[in-house]
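Colleague: Could you walk me through this one slowly, since I am new to reading structures?

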Number of protein chains: 2
Amino acid sequence: MTLDDRKLKILHAIIRNYLETGEPVGSRTISKYTDLNLSSATIRNEMSDLEEMGFIVQPHTSAGRIPSDKGYRLYVDSMMEIKDKEIEELKEVILEKEEKVERMLKSVAKVLASNTNYATMISAPAIQGNRVKFLQLSRMDDNQILAVVVADGNVIKNNIIPVSEKISDETLLKLNLLLNTNLCGKSIDEINLSVITAMKQQAGIHQDVVSDVIDALAESIKTEEDLQIYTSGATNIFKYPELADNQKASDIIHTLEEKQQLTELVNETLSDETNTGIQVYIGDEAPIQSMKDCSIVTATYDLGDGMRGTIGIVGPKRMDYDKVVSTLKNITHQLDDMYKK
Amino acid sequence: MTLDDRKLKILHAIIRNYLETGEPVGSRTISKYTDLNLSSATIRNEMSDLEEMGFIVQPHTSAGRIPSDKGYRLYVDSMMEIKDKEIEELKEVILEKEEKVERMLKSVAKVLASNTNYATMISAPAIQGNRVKFLQLSRMDDNQILAVVVADGNVIKNNIIPVSEKISDETLLKLNLLLNTNLCGKSIDEINLSVITAMKQQAGIHQDVVSDVIDALAESIKTEEDLQIYTSGATNIFKYPELADNQKASDIIHTLEEKQQLTELVNETLSDETNTGIQVYIGDEAPIQSMKDCSIVTATYDLGDGMRGTIGIVGPKRMDYDKVVSTLKNITHQLDDMYKK
DNA sequence: GTTAGCACTCCACCCTTTTGAGTGCTAACA
DNA sequence: TGTTAGCACTCAAAAGGGTGGAGTGCTAAC
């Protein structure tokens, strides 16, 4: 059996109708509300074929048909040429250019959620090739030294280091020079034991301080193993009856709240550098058990300096793929643009 | 009518039973499962009285009784002498002494949620009387200066300030001296316009840098208007049928997710410095509309340096007040202790 | 290849009945 | 006067039963 043009048209009609209503769609509906001019009986025959081919399924005998995961997949794939709609609101939010990336991301998640009526997640950029850019010790008081480390992507970490005795201004100056000359421009891999021991030797009696700084540095530089993820609009789930069942909703929201499992998803999307940056997971395709009744659309953004992150939208399988994909395209473009200048 | 000892016993029995089962409790149950040795008929008479007094209500005629908010209030008040149970798990978490307060608080929320089976929230300490402790400018490269501000409670803020032309080492040294002498030990109120203009005058051609530093400082020092709140275990709500109704659950979880309304609650508890630090809001008593079917138990912790925050537990009205209160007592003590040394 | 017609299926809805837990009231008892 | 047994009554929730509608598969005719 071959999936000819007419079958394709009927399949599309079924899916679009189901996306709108969420109800199983029958032959009569298709016959009436398309310009195919076919009777319901003919549609029935075609639908029977489509079911046999696995694109649609019947929830029970004598109910209409709903798209299977395979059907969605076909639809999504054939829909991937996207118009560039404007999403004014989003534009505005981003253009406000909030100083802190974190806060910006949170509001993107929020706006996106209220805009689309789905749940959203956004991962903070995970720095990849990470180098020390700048490094500074200063004395807060006699017993405390403040260490500031700036890494690629202007990620700043502070650490307060307690010292047993006052460190003189000259010593501090020396240590700063020592650390900067030895560490600036180096990535975490390049700071090996020999570098460290060499530094300690030069530091003389202030070895302890050097150790502490190295520790602080290690922490600030390592690709945060638990990457930050912000979610929003989890309760939008309740707007879709097929997910609003207590058990399902609880599982989904819990997953969004816990975030643990989301990191897997993020890592997966980030590692895949092939396509346009938009990926659609339908049902079981996503590596998240609790979301087997959902679809997840993800996009990757790039802020330069190797700072890449993921935006994701979680909704019912019958989500408005069209809108979601173009919204995501739009928003990632804006993010990319914004930091490119 | 007077609330004599027998009535009290019956009321307690009703509440305890309802806390366990979540079902309206009838006269027969009380008659059988207490050591009062009274027939159900007698209990009925007493219950009728208790209802008239407003301690219990009937969801509908010919159903058992459930406690009213007033009834819960009586119960909670008379229960407030608490045993100090150990909660080993919590102890361990806190004793791990995670370097970052933020992360520590998150895990406290998490453990607390999984321990109690209720939803939890915890607010990061809001600094109160806030003074500049230390201040440092350093040159990252020719076009960027890094400003670090340390405030009371070792709250550190960084700001990268772009400059149009290179600032020499001496100038930087001067500016540092200027800023520190003028601003250290000052609270936000004390940094008024005259201080700022005086500083600008002394800064000469580097007024711009001074302005920028002042801005960074203002931001770091002000009591963050949007205080950080972490929540966990929102989906525990689903474990209680009386809250698991879609509309209610959605509202509650949304409130927990949005956090906006929680700040009101936090501010209210923080401002009330009267009692033991534990407060119980039953139903409408809390300033959060969506939680009118819940009870909220809050506790205040104090990390010294005027850093105070709130821990809250949100559950059904029939929550296990006993356990919750002692758990909270315990945890706040531990937090207080931990930072006291 | 397309269509009309028909028999059949099954869910969703409404209505009724049944059941069980619980109450209020009254009369009897200590 | 307080306590108890008994009984009639109420109501929500569960269990049945019937109906209608939407939808299908199949067959025969065009």
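Modeller: We can go through the DNA strands, then the two chains, then the cysteines. This is a predicted model, where local features need pLDDT of at least 70, side-chain atom pairs count only at pLDDT 80 or more, and totals for chains, interfaces and linings use all residues. Residues are numbered from 1 along each chain as its sequence is written, chains are lettered from A and ligands numbered from 1 in the order in which they are written, and side-chain values use heavy atoms, with hydrogens and water left out.

Colleague: Which residues come nearest to DNA strand C?

Modeller: There are 20 residues around DNA strand C, and Arg6(A), Thr42(A), Thr61(A), Ser62(A) and Ser27(B) come nearest; a residue is near a strand if one of its heavy atoms lies within 4 Å of it.

Colleague: And what part of DNA strand C lies within 4 Å of the protein, sugar or phosphate or bases?

Modeller: Of those atoms, 77% belong to sugar or phosphate, and the rest belong to bases.

Colleague: Which base atom is 2.7 Å from Ser62(A)?

Modeller: A base oxygen of DNA strand C lies 2.7 Å from a polar side-chain atom of Ser62(A), whereas the side chain of Thr42(A) has a polar atom 2.6 Å from a phosphate oxygen of that strand. A polar contact here is a pair of N or O atoms within 3.5 Å; within protein, one must be able to donate a hydrogen and the other to accept it, and residues adjacent in sequence count only if both atoms are side-chain atoms.

Colleague: What about Arg44(B)?

Modeller: Its side chain has a polar atom 3.2 Å from a base nitrogen of DNA strand C, and an N or O atom in the side chain of Arg44(B) is also 3.2 Å from a base oxygen of DNA strand D.

Colleague: Changing topic, how is chain A laid on chain B?

Modeller: A turn of 179° and a shift of 0.0 Å along the axis lay chain A on chain B with an RMSD of 0.2 Å, superposed by least squares on the C-alpha atoms of residues with pLDDT of at least 70 in both. The two copies are therefore related as by a two-fold rotation axis.

Colleague: Which residue of chain A comes closest to that axis?

Modeller: That is Asn246(A), with its C-alpha at 3.6 Å.

Colleague: Last one: how many disulfides are there?

Modeller: The search of the whole structure finds zero over all chains, a disulfide being a pair of cysteine sulfur atoms within 2.5 Å.

Colleague: Is Cys294(A) buried or exposed?

Modeller: Cys294(A) counts as buried because its relative accessibility is 1%; buried means under 20% relative accessible area, exposed over 50%, and partly exposed in between, with a 1.4 Å probe and protein chains only.
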